Structure formats: C-alpha cells, structure tokens
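Visitor: Got a minute to walk me through this one? I'd like to poke at the packing and then move on to whatever else comes up.

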Amino acid sequence: GRLFMPDGTFDEGAFTALFKKQLDGLRANTDPAAFQDAASDWVTSYINDVLDYLHEKKMKEASYQFLRVIIDRSALFGVKKVNVPAALLQDVFSALPNAKADHKNATSTRKKNSIFQAALQVFGEMGFHRATMDMIAQIAGIGKGTLYRIFESKEELLEQLMIEEYRKIVANIGAIFSKDGDILAELRQMIEYWVTYINDNPVVYKLILAEDVTSGTNGKAKFYQHMDEWLPLIRVRLSECCERNTVKEMDFDTIVYGIFGFIDGVFHKWSSNGMRYALTQEIPGILECVFNGFLTEECPRERFQMPIIAQDVANLSGEG
C-alpha cells in the first residue's frame with residue numbers, strides 16, 4: 001500500500017526510497033566482493049515475486065510500470081545484472097501499446113525536469129523577477145519556442161515547478177508516516193528529512209517562503225494546502241498520541257506548522273550567515289528544542305496550558 005499514491009497510481013518516489021534502503025542494508029551487510037551477486041539474486045527474486053502477483057491479478061500495465069522502474073533504479077544504484085523469466089517478460093511486453101504512450105510521457109517528463117532544473121539555476125542566480133525565459137531555454141539547451149509550447153509563461157513554469165516539488169516533499173513525508181511505527185520517531189525523521197531537503201534545495205525553499213513572487217503562486221499557502229490534502233494520516237496519528245497522553249492537547253496546525261515555522265527561523269539564520277555551513281548541523285538543536293524545550297532541567301517551569309481534564313477539575317472546584 002505504501003507504493004501507491006492516494007489516487008491509486010504507482011508511487012515511484014516511495015518505491016525508490018524503499019528499494020534504496022533495502023540495497024543499502026544489503027551492501028552494509030555483505031562483503032564488497034560478493035555484493036553484485038547478492039544484489040542480483042535479491043532483485044531477481046523480488047521482481048519475480050511481484051510480477052507473479054501482478055500476473056495473477058491481471059495487472060499488465062502495472063507490471064510494465066513496475067518492471068520499467070525497478071530496472072531503471074537497479075542500474076542507478078549499481079546492480080549490474082538481473083534475471084527475469086521469459087514467460088514473465090512476454091506477459092509484461094504484451095502491455096507495450098500502453099508502454100509506448102508511457103514512454104512518450106516519460107520523455108516529456110524528462111524534458112520538463114530538465115527545464116525545472118534550468119529554471120532553478122536561473123532563479124537562484126538572478127532571482128525570479130530578473131530571470132527570463134530566454135535564460136532558462138539557453139540553460140536547458142532547448143529553443144525558446146519549445147519552452148513556450150510547454151509553458152505559456154514564466155509564472156506558469158514556476159507554478160508547475162513548485163507543484164512538482166510539493167508532490168515530492170509530501171510523498172517523502174507520507175512515506176515516513178506510513179510505517180505504523182513510533183509516531184515520535186517518525187516525527188523526528190520528518191524533521192531530519194525536512195532540514196536535509198532545505199539544505200539540498202535552498203532555492204526551492206526560498207521560493208516556498210516567497211509568497212508574493214507572483215500573484216498566482218502563493219508559495220507557503222500552497223505548500224500547507226498540499227500538506228492538508230495529502231497527509232491526513234499525520235493528523236490521525238497525532239490524534240492517537242493525544243488520546244494516549246503522549247502529546248499535549250494541541251491541534252495539528254499548532255504542532256506540525258509550529259515545527260515548520262521554527263525551522264523557518266533557523267533557515268533565516270543560516271541564510272543570513274551566507275550558508276557557510278551545512279544546515280543539517282542544526283538538526284540536533286532543532287530536535288532538542290522541539291522535543292525538550294530550551295530550558296535546562298534546573299530551571300523552574302511554569303505550565304501555560306493545563307490538560308483538559310485538569311482544567312475541568314479546576315473549574316468544578318472554583319479555581320478556574
């Protein structure tokens with residue numbers, strides 16, 4: 001279930017993260033000289049198991065999508081050889097009429113990604129308002145006319161770029177909270193992921209914060225809108241924590257957006273200092289403040305919000 005988007009489509013991002021984690025674990029626990037054989041055996045077994053299942057369910061198009069992605073990721077992560085039985089390949093290739101359309105879409109996606117990367121480079125160097133479509137086309141290595149056939153304006157390009165980034169972010173955060181593990185550990189992983197993402201994508205993050213870049217792209221508001229729409233699971237999990245008295249009685253926005261707002265401030269400090277160090281160095285301090293506050297154990301503490309039950313008792317006794 002974790003490998004599919006809410007609308008039922010195959011989630012390549014979630015699959016890639018899971019696949020890489022498995023290979024990293026195998027690499028760490030295997031002698032380097034034996035890794036290729038071990039990886040080949042594991043990937044081959046995994047492919048056969050999944051394709052057998054999809055064959056039973058008569059999901060030919062899903063079989064093609066899965067095989068295309070796992071072969072691509074195997075090559076990307078250094079697995080040099082995989083074996084697929086001819087009967088399974090024959091079944092997969094019977095979906096090639098749809099695969100051709102998918103290849104066309106994949107080509108279009110690669111072109112868009114190339115344009116997005118060029119746009120980020122230009123936006124980072126020139127700023128959004130000074131950037132031009134000519135500059136972006138030149139960096140992307142395409143003609144200006146081709147660029148305008150894909151995006152009618154610089155504003156539309158930016159909006160589509162940001163939507164694509166929102167989807168990646170939400171998919172990765174969603175994968176963290178879909179493990180049914182310790183919610184506090186997952187909250188920590190979310191913070192670590194988010195700070196690392198900002199460290200690696202400062203231009204994107206500045207565009208998210210810049211709500212007035214264009215009238216049609218209200219960065220932070222749209223980002224939070226995507227969070228609300230695509231991550232309902234976080235709300236459910238945090239509600240369970242409140243019921244178990246693990247987390248104080250606060251609503252989702254106060255907890256999660258409060259954390260994101262705190263990280264905004266840390267980013268501002270980092271940016272003001274010229275980004276001369278890795279933002280990820282701030283992760284321990286962020287985690288300490290979020291989970292334990294910034295007061296020492298010796299400092300007297302004042303309660304600002306009483307639990308609901310305590311408030312009810314106080315009201316009944318006339319103390320409230």
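Visitor: Let's start with helix 9 and helix 10: at what angle do they pack, and how far apart are their axes?
Guide: This is a predicted model, to begin with. In it, helix 9 (residues 183-200) and helix 10 (residues 202-209) pack at about 105°, and their axes are 5 Å apart. Since 65 to 115 degrees counts as roughly perpendicular, that makes helix 9 roughly perpendicular to helix 10.

Visitor: Which residues meet there?
Guide: From helix 9 you have Trp194, Tyr197, Ile198, Asn199 and Asp200, and they meet Pro202, Val204, Tyr205 and Ile208 of helix 10. By type, the residues of that contact come to seven nonpolar, one polar and one charged.

Visitor: I see some rings in that list. Which residues make up the aromatic cluster?
Guide: Tyr193, Trp194, Tyr197, Tyr205, Phe260, Phe267 and Trp270 form one cluster.

Visitor: And what does glutamate 165 touch, leaving out its neighbours in sequence?
Guide: Glutamate 165 touches Tyr197 and Val204, once residues up to four places away in sequence are set aside. Glutamate 165 is found in helix 8 (residues 154-176).

Visitor: Is glutamate 165 buried or exposed?
Guide: Buried: its relative accessible area is 7%, and the cut-off for buried is under 20%.

Visitor: While we're in helix 8, what about alanine 175? How far is its C-alpha from that of glycine 13?
Guide: Those two C-alpha atoms are separated by 9.1 Å, although alanine 175 and glycine 13 are 162 residues apart along the chain. Alanine 175 sits in helix 8 and counts as partly exposed, at 25% relative accessibility.

Visitor: What share of the contacts is long-range in sequence, say joining residues at least 24 apart?
Guide: That share is 62%, taken among contacts in the chain between residues at least 6 apart in sequence.

Visitor: Back to aromatics. How many aromatic pairs does the structure hold?
Guide: There are 13. Take phenylalanine 19 and tryptophan 42: their ring centres are 5.7 Å apart and their planes are at 25°, so this pair is stacked. Phenylalanine 19 belongs to helix 1 (residues 12-28) and tryptophan 42 to helix 2 (residues 35-56), so the pair ties together parts 23 residues apart in sequence.

Visitor: How buried or exposed are those two?
Guide: Phenylalanine 19 counts as buried, at 2% relative accessibility. Tryptophan 42 is partly exposed, with a relative accessible area of 27%.

Visitor: Which aromatic pair does tryptophan 42 form with tyrosine 46, stacked or edge-to-face?
Guide: Stacked, with 5.4 Å from centre to centre and 5° between the planes. Both residues lie in helix 2, four residues apart, which is about one turn of the helix. Tyrosine 46 is partly exposed, with a relative accessible area of 23%.

Visitor: What does threonine 44 touch?
Guide: Threonine 44 touches Val82 and Asn83, again not counting residues up to four places away in sequence. Threonine 44 also has its place in helix 2, and it is buried, with a relative accessible area of 12%.

Visitor: Changing topic: how many helices and strands are there overall?
Guide: The secondary structure comes to 15 helices and zero strands. Of the chain's 320 residues, 36% count as buried.

Visitor: What about backbone oddities? What is the phi of methionine 275?
Guide: Phi is near 50° there, a positive value in a residue other than glycine. Methionine 275 is found in the loop between helix 13 (252-272) and helix 14 (283-292). Its relative accessible area is 27%, which means it is partly exposed.

Visitor: Last topic, confidence. What does the chain's pLDDT average?
Guide: The average is 79, and 75% of the residues score at least 70.

Visitor: Which elements have the lowest and highest mean pLDDT?
Guide: Helix 15 (residues 308-316) has the lowest, at 47, and helix 6 (residues 133-140) the highest, at 93.

Visitor: How many contacts beyond four places in sequence does the model have for residues 308-317?
Guide: Six, and pLDDT stays under 50 over that whole stretch. Where pLDDT is low, the predicted coordinates should not be read in detail.

Technical notes. Residues are numbered from 1 along each chain as its sequence is written. This is a predicted model: local features need pLDDT of at least 70, side-chain atom pairs count only at pLDDT 80 or more; totals for chains, interfaces and linings use all residues. Side-chain values use heavy atoms; hydrogens and water are left out. pLDDT is the predictor's confidence in each residue, from 0 to 100. Helices (H or I, at least four residues) and strands (E, at least two) are DSSP runs, numbered from the N terminus. Contact means heavy atoms within 4.5 Å. Axes are lines fitted to C-alpha atoms, for helices over the stretch in contact, and angles run from 0 to 180 degrees between N-to-C directions. Angles under 35 degrees count as roughly parallel, over 145 as roughly antiparallel, 65 to 115 as roughly perpendicular and the rest as oblique. Ala, Val, Leu, Ile, Met, Phe, Trp, Tyr, Cys and Pro count as nonpolar, Asp, Glu, Lys and Arg as charged, and the others, Gly among them, as polar. Rings of Phe, Tyr and Trp (its six-membered ring) pair if their centres lie within 6.5 Å; planes under 30 degrees apart count as stacked, over 60 as edge-to-face and the rest as tilted. Buried means under 20% relative accessible area, exposed over 50%, partly exposed in between (1.4 Å probe, protein chains only).
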